[in-house]
Number of protein chains: 2
Amino acid sequence: MRNDLRKSDIHLDGIDKRLIELLYDNARTPVSELARSVSMTAPSVNERLKRLEESGVIAGYRVDIDPLALGYSLIAIVRMRQLPGKMHELEAQINLIPELVECDKVTGDDCYIARLYLKNISELDPILDSISDLADTNTSIVKSTPVKRRLLV
Amino acid sequence: MRNDLRKSDIHLDGIDKRLIELLYDNARTPVSELARSVSMTAPSVNERLKRLEESGVIAGYRVDIDPLALGYSLIAIVRMRQLPGKMHELEAQINLIPELVECDKVTGDDCYIARLYLKNISELDPILDSISDLADTNTSIVKSTPVKRRLLV
DNA sequence: CGTGAAATATCATAGCA
DNA sequence: TGCTATGATATTTCACG
């Protein structure tokens, strides 16, 4: 990470953006193939990737697992509002729920918004019970996903 | 995708899980290195990956971009409830908002829950205005993320 | 499902523009 | 920042258990 620049100063040119798009489509694309796609040599593309990694723009490369293929056929979005004095306990507890894959703490009436993957609707109640002494909850079930997580570049 | 199995029938053994963990940490890890980590040969690891890809468990490999490094310093979660007869128009409109990187349609009072990345809070109002004829909205700003998107395996 | 071995392709580095 | 050249690694295929 370069500390001599504010993060927001980082500028991507067209080639950087194209490389990122290609790597968003398939992060295991060989550098040599990326190089062909942008009409550059492999070493130069390699250097660009290193710079993007060191500047923090590229935070990593991750395998994308399909929860449905593993039998997680339900997504629940749970909004939580911690009970008085229970904030730390709640944050500790939600970290112990493996089905809970993401949680944001937000402004407004709902204090936390979490995303859970479930194999069966019957798994929901025991999970909510495990935090019922720590927070009031409001659960929605995802019916469809009109916009799937997409690239911001 | 194998169509002779229900998706939920797919079973991962310990080696599959370890490979997925390694690829979640770094999806560009060479097969040969994965092979060393699980004490197998490269061709067998290659075959396992092919099977995981063909069965749909591995949906892909994606570069992970840090929005903050690009100057997107704010995350907003917008809950929307479409106005009567405006559902299709709303879904079309949200697809046109580049800052909106994800949207789920859910059961309950809120019909849609979307995630937006913003460089500046002043960008929020024009975006909300662009859908104000289509939906009532309720916006929360993310203060922190107690659970960052994590692997479900 | 797994392996070893060999052909092919890719990566990483150094030196130069 | 980028290129070429090169030695070290990695990938992929195949015959086989």
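1. **Phosphate contacts on DNA strand C.** In this predicted model, a polar side-chain atom of Arg36(A) sits 3.5 Å from a phosphate oxygen of DNA strand C. Asn46(A) also reaches a phosphate oxygen of this strand, with a side-chain N or O atom at 3.2 Å. Chain B takes part too. A side-chain N or O atom of Arg48(B) is 2.6 Å from a phosphate oxygen of DNA strand C.

2. **Elements facing DNA strand C.** Which elements give two or more residues to the surface near DNA strand C? They are helix 2 (31-37) and helix 3 (42-54) of chain A, together with helix 3 (42-54) of chain B. Helix 3 of chain B gives the most, with 4 residues.

3. **The surroundings of DNA strand C.** Both protein chains line this strand. From chain A come Pro30(A), Val31(A), Ser32(A), Arg36(A), Pro43(A) and Asn46(A). From chain B come Met40(B), Thr41(B), Pro43(B), Ser44(B), Arg48(B) and Arg51(B). Look at what they approach: sugar and phosphate account for 88% of the atoms of DNA strand C that come within 4 Å of the protein. By class, the residues of this surface divide into 5 nonpolar, 4 polar and 3 charged.

4. **Phosphate contacts on DNA strand D.** Turn to the other strand. A polar side-chain atom of Arg51(A) lies 3.0 Å from a phosphate oxygen of DNA strand D. Asn46(B) places a polar side-chain atom 3.1 Å from a phosphate oxygen of this strand. Val31(B) uses its backbone: an N or O atom there is 2.9 Å from a phosphate oxygen of DNA strand D.

5. **The surroundings of DNA strand D.** Chain A supplies Met40(A), Thr41(A), Pro43(A), Ser44(A), Arg48(A) and Arg51(A). Chain B supplies Pro30(B), Val31(B), Ser32(B), Arg36(B), Pro43(B) and Asn46(B). Of the atoms of DNA strand D within 4 Å of the protein, 88% belong to sugar and phosphate. At least two residues each come from helix 3 of chain A, helix 2 of chain B and helix 3 of chain B. Helix 3 of chain A has the largest share, 4 residues. The classes here are 5 nonpolar, 4 polar and 3 charged.

6. **How helix 3 of chain B is packed.** Two packed helices are described by the angle between their axes and the distance between the axes. Helix 1 (residues 14-25) of chain B meets helix 3 of chain B at about 85 degrees, with the axes 11 Å apart. An angle of 65 to 115 degrees counts as roughly perpendicular, so helix 1 of chain B is roughly perpendicular to helix 3 of chain B. Helix 1 brings Ile15(B), Asp16(B), Leu19(B), Ile20(B) and Leu23(B) to the contact. Helix 3 brings Val45(B), Arg48(B), Leu49(B) and Leu52(B). The contact has 7 nonpolar, no polar and 2 charged residues. Note Arg48(B): this residue is in the helix contact and also around DNA strand C.

7. **Glu33(B).** This residue lies in helix 2 (residues 31-37) of chain B. Glu33(B) is partly exposed because its relative accessible area is 38%, between the limits of 20% and 50%. Leu23(B) is 10 residues away in sequence and 11 Å away in space, C-alpha to C-alpha.

8. **Asp104(A).** Is Asp104(A) buried or exposed? Its relative accessible area is 2%, so Asp104(A) is buried. It lies in strand 3 (residues 100-106) of chain A. Its side chain makes a polar contact of 2.9 Å with the side chain of Thr145(B). Beyond its neighbours within four places in sequence, Asp104(A) is in contact with residues of both chains, including Cys111(A), Tyr112(A), Arg115(B) and Pro146(B).

Conventions. Residues numbered from 1 in each chain as written. Chains lettered and ligands numbered in written order. Predicted model: local features only at pLDDT ≥ 70, side-chain atom pairs only at ≥ 80, totals over all residues. Heavy atoms only, no water. Near = heavy atom within 4 Å. Polar contact = N/O pair within 3.5 Å; in protein donor to acceptor, adjacent residues only side chain to side chain. Nonpolar A, V, L, I, M, F, W, Y, C, P; charged D, E, K, R; others polar. Axes fitted to C-alpha atoms, helices over the stretch in contact; angles between N-to-C directions. Parallel < 35°, antiparallel > 145°, perpendicular 65-115°, else oblique. Contact = heavy atoms within 4.5 Å. Buried < 20%, exposed > 50% of the residue type's maximum accessible area, 1.4 Å probe, protein only.
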